[in-house]
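Here is a short report for a reader new to this structure. Please look over the sequence and the model first.

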Amino acid sequence: MLAYFVIVPILTAVFLYVFSTARAARVIAAAAQAALTGFAAYLFFLCKGGDIVTHLGGYDGALGISLRADTLSSVFIALTAFIFLIATIYSLNEKGGKLFWLLLFIWEGLLIGTFLTRDLFNAFVLLEVSTVAVSILIMFNRDTRSMYDGMLYLMASIVAMQFYLFGVGYIYKLTGVLDMDAAASALSAMDAQSQILPFALVMTAVGFKCAIVPLHSWLPRAHGTPGAPPAVSALLSGIHIKSGVYLFMRFRSIFGEIDVGRFFLVVGIITGIVGFIFAVLQTDIKLILAYHTVSQVGMIIAGLNMGAVYSYVGGLYHSINHALFKSALFLSAGVIVQAYGTRDVNSIRGVLRRFPLVGAATIMAILGITGAPLFNGSISKYFIMSDTSPAVSASLLFINLGTIISFIKYSAILFRGGGRVVGGGGAASGAADGGGAASGGGIADGSSAKIGAVGGASSVIATSEDKVDMSKQVAILALGALCFVGGIFGEYIIEFLFNVKVSVDAAGYLQKVAFFAASGFAGFFIYKYFVNKSPLLKRIRALDAGFRAICVCMGVFFALLLVAAGIFAI
């Protein structure tokens with residue numbers, strides 16, 4: 001049964017490769033994806049009665065290759081199917097071509113396979129093949145920047161997965177099995193010191209997949225590259241990064257004798273801080289969103305390593321929430337960039353007036369990611385911070401303050417001004433930070449673009465019609481609405497998904513509301529009087545890591561993890 005969750009997306013990919021020139025075929029593919037989402041939901045309900053196991057080839061036990069669906073994996077499978085369904089609906093009228101649809105659904109099958117497999121080597125194969133598919137999608141439009149970003153991601157991933165492969169080889173040497181459950185059982189009976197090296201090797205690769213500091217430099221390039229279709233950026237940030245988070249949880253349980261929770265707690269906090277600092281400094285709207293993926297993953301990793309049930313569940317729920325609001329933000333950014341012909345946050349104004357539904361969904365997603373009361377991020381962040389030390393709680397509040405500052409900057413695109421926008425993806429020019437101009441190509445319908453100063457920043461003004469495909473608006477609005485639903489019914493959703501009964505303390509939540517309000521006021525003044533005018537911060541924005549630097553960071557992280565594991569294993 002479980003094998004069909006991998007096979008069906010791949011068969012859909014082949015079908016679309018053959019027939020994708022006809023719009024009817026894409027509609028059929030969307031229907032197939034909707035059916036897969038329904039079956040994924042059905043699988044989740046089945047897993048409430050116990051784990052479901054499929055033994056491939058008829059071989060059971062530790063020496064066979066098995067697929068296993070439990071509560072955790074079934075949640076991620078359902079989330080994957082749903083976000084891919086949204087991406088499919090969004091892309092129905094896109095001119096992606098056969099290759100786009102082929103790679104998109106193959107990618108989905110590989111991700112679902114990663115959540116289902118219990119074989120260490122099969123996980124390696126699935127991750128490597130999905131890396132190839134993702135790299136091609138990043139380079140899809142074949143412009144120079146995207147080609148570089150895609151190749152950098154591919155080569156860095158290959159290096160990272162060598163750490164994984166050596167670690168798996170060492171696990172096999174110690175235990176004689178590649179089955180995750182059997183390996184965990186065998187390792188639990190061994191001395192912790194003997195497990196340090198394979199643990200550090202595997203977790204270096206997993207840390208790279210999670211994009212935690214200092215292994216994060218690839219993510220802004222991959223997620224924010226100009227050439228990737230909007231659906232690809234949304235799936236990268238919303239779902240693909242969660243495969244790393246999922247493997248992080250799996251391998252932490254496999255190496256249960258090595259307690260490095262404090263190490264990853266510190267790394268998670270540092271990741272959150274570094275992510276929002278670089279996000280605040282960007283003027284490219286996709287890079288702002290990409291760096292906030294780094295920041296939010298840092299918060300997730302911190303929550304998973306606090307050693308408290310509420311914090312752990314909060315981290316899990318934040319993984320789901322992040323998939324919703326970040327997918328909504330990337331998809332809406334795709335509409336905005338196509339319409340205005342620029343990615344410069346200082347050159348885009350009046351989105352809410354021109355595209356009310358897209359603007360409304362963007363607002364809900366922003367309220368979700370910033371942890372505004374009644375939205376999903378507020379619930380997950382509340383539980384992450386509900387049972388921790390004052391120092392850690394202050395650090396997480398600081399990360400959220402940085403998120404608020406970033407989205408005060410980002411939300412300016414929704415308001416102020418409102419000249420006509422460029423239809424059909426034409427390019428326009430606009431000044432960045434009130435300074436030098438960035439230029440693009442011509443206007444799609446032959447109308448001329450103008451630059452008008454609105455609210456102290458230049459904004460794109462053109463004369464074509466404001467039109468957005470209804471399929472795109474429905475997809476984005478659905479995600480935005482779920483950000484609100486996830487906040488109102490957060491307690492019940494957590495209990496439903498993870499079988500953990502939680503409750504929100506009214507006094508504690510009101511305190512969080514007060515902190516959010518204070519952070520909002522503080523964030524506004526910090527951005528206006530410091531961030532927006534600091535030349536030092538603008539110089540930091542220019543810092544960049546190439547392939548060699550990324551490889552060096554892997555080596556440094558591996559060494560630090562060896563030391564940390566050695567200390568805590570004593």
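## Overall picture

The chain exposes about 20,800 Å². Carbon and sulfur atoms supply 68% of that area. The model is a predicted one.

The chain has 570 residues, and 60% of them are buried. Its secondary structure comes to 22 helices and six strands. Contacts reach across the sequence. Among those between residues at least 6 apart, 80% join residues at least 24 apart.

## Helices α16 and α20

Helix α20 covers residues 506–529, which makes 24 residues. At 1.5 Å a residue, the helix should span 34 Å. Its end C-alpha atoms are 35 Å apart, so the model agrees with the expected span. Several residues of α20 are buried: G508, Y509, K512, F516, S519, G523 and Y527. What covers them includes α16 (376–384) and α17 (390–410).

How many of the nine residues of α16 are buried? Nine of the nine are, so α16 is largely enclosed by the rest of the structure. The buried residues run through N376, G377, S378, I379, S380, K381, Y382, F383 and I384.

## A nonpolar patch on the surface

The surface carries a nonpolar patch formed by L374, F484, V485, I488, F489 and Y492. Together these residues have about 560 Å² of accessible area. Which helix gives the most to the patch? Helix α18 (residues 470–488) does, with three residues.

Y492 sits in helix α19 (residues 490–498). Its relative accessibility is 57%, and exposed means over 50%, so Y492 counts as exposed.

## Salt bridges

The whole structure holds nine salt bridges. One of them joins D70 and R118, with the closest N and O atoms 3.1 Å apart. This pair links distant parts of the chain, 48 residues apart. D70 lies in the loop between β2 (65–69) and α3. R118 lies in the loop between α4 (97–116) and α5 (120–138). Are these two residues buried or exposed? D70 has a relative accessible area of 11%, so D70 is buried. R118, at 3% relative accessibility, also counts as buried. D70 and R118 belong to a network of salt bridges that also links D51, R68, D181 and R250.

R221 forms a salt bridge with D149, and here the closest N and O atoms are 3.4 Å apart. R221 is in helix α9 (residues 218–224) and D149 is in helix α6 (residues 144–175), 72 residues apart. R221 and D149 are both buried. Another salt bridge pairs D284 with R343, with the closest N and O atoms 2.7 Å apart. D284 lies in the loop between α11 and α12 (285–304), and R343 in the loop between α13 (309–340) and α14 (351–354), so the pair ties together parts that are 59 residues apart in sequence. Buried means under 20% relative accessible area. D284 is at 17%, so D284 is buried. R343 is at 16%, so R343 is buried as well.

## A buried serine

S73 is found in helix α3 (residues 71–90). Its relative accessible area is 0%, so S73 is buried. Which residues does S73 touch, not counting those up to four places away in sequence? They are R68, F115, Y246 and R250. R68 and R250 appear in the salt-bridge network too.

## Aromatic pairs

A pair of aromatic rings is described by the distance of the centres and the angle of the planes. The count comes to 28 aromatic pairs. In one pair, the rings of F248 and F264 have their centres 4.9 Å apart and their planes at 90°, so the pair is edge-to-face. The pair links distant parts of the chain, 16 residues apart. F248 is in helix α10 (residues 230–254), and F264 is in helix α11 (residues 261–281). Both F248 and F264 are buried.

Ring pairs also build a cluster. Its members are F100, W101, F105 and F140.

Note on methods:
Residues are numbered from 1 along each chain as its sequence is written. This is a predicted model: local features need pLDDT of at least 70, side-chain atom pairs count only at pLDDT 80 or more; totals for chains, interfaces and linings use all residues. Side-chain values use heavy atoms; hydrogens and water are left out. Helices (H or I, at least four residues) and strands (E, at least two) are DSSP runs, numbered from the N terminus. The expected span of a helix is 1.5 Å times one less than its number of residues. Buried means under 20% relative accessible area, exposed over 50%, partly exposed in between (1.4 Å probe, protein chains only). Contact means heavy atoms within 4.5 Å. Patches are made of residues with over 30% relative accessible area and no salt bridge: like charges are joined within 9 Å, nonpolar side chains (Val, Leu, Ile, Met, Phe, Trp, Tyr) within 5 Å. Accessible areas come from the Shrake-Rupley method with a 1.4 Å probe; for residues, only the protein chains shown count as cover. A salt bridge is a side-chain nitrogen of Lys or Arg within 4 Å of a carboxyl oxygen of Asp or Glu. Rings of Phe, Tyr and Trp (its six-membered ring) pair if their centres lie within 6.5 Å; planes under 30 degrees apart count as stacked, over 60 as edge-to-face and the rest as tilted.
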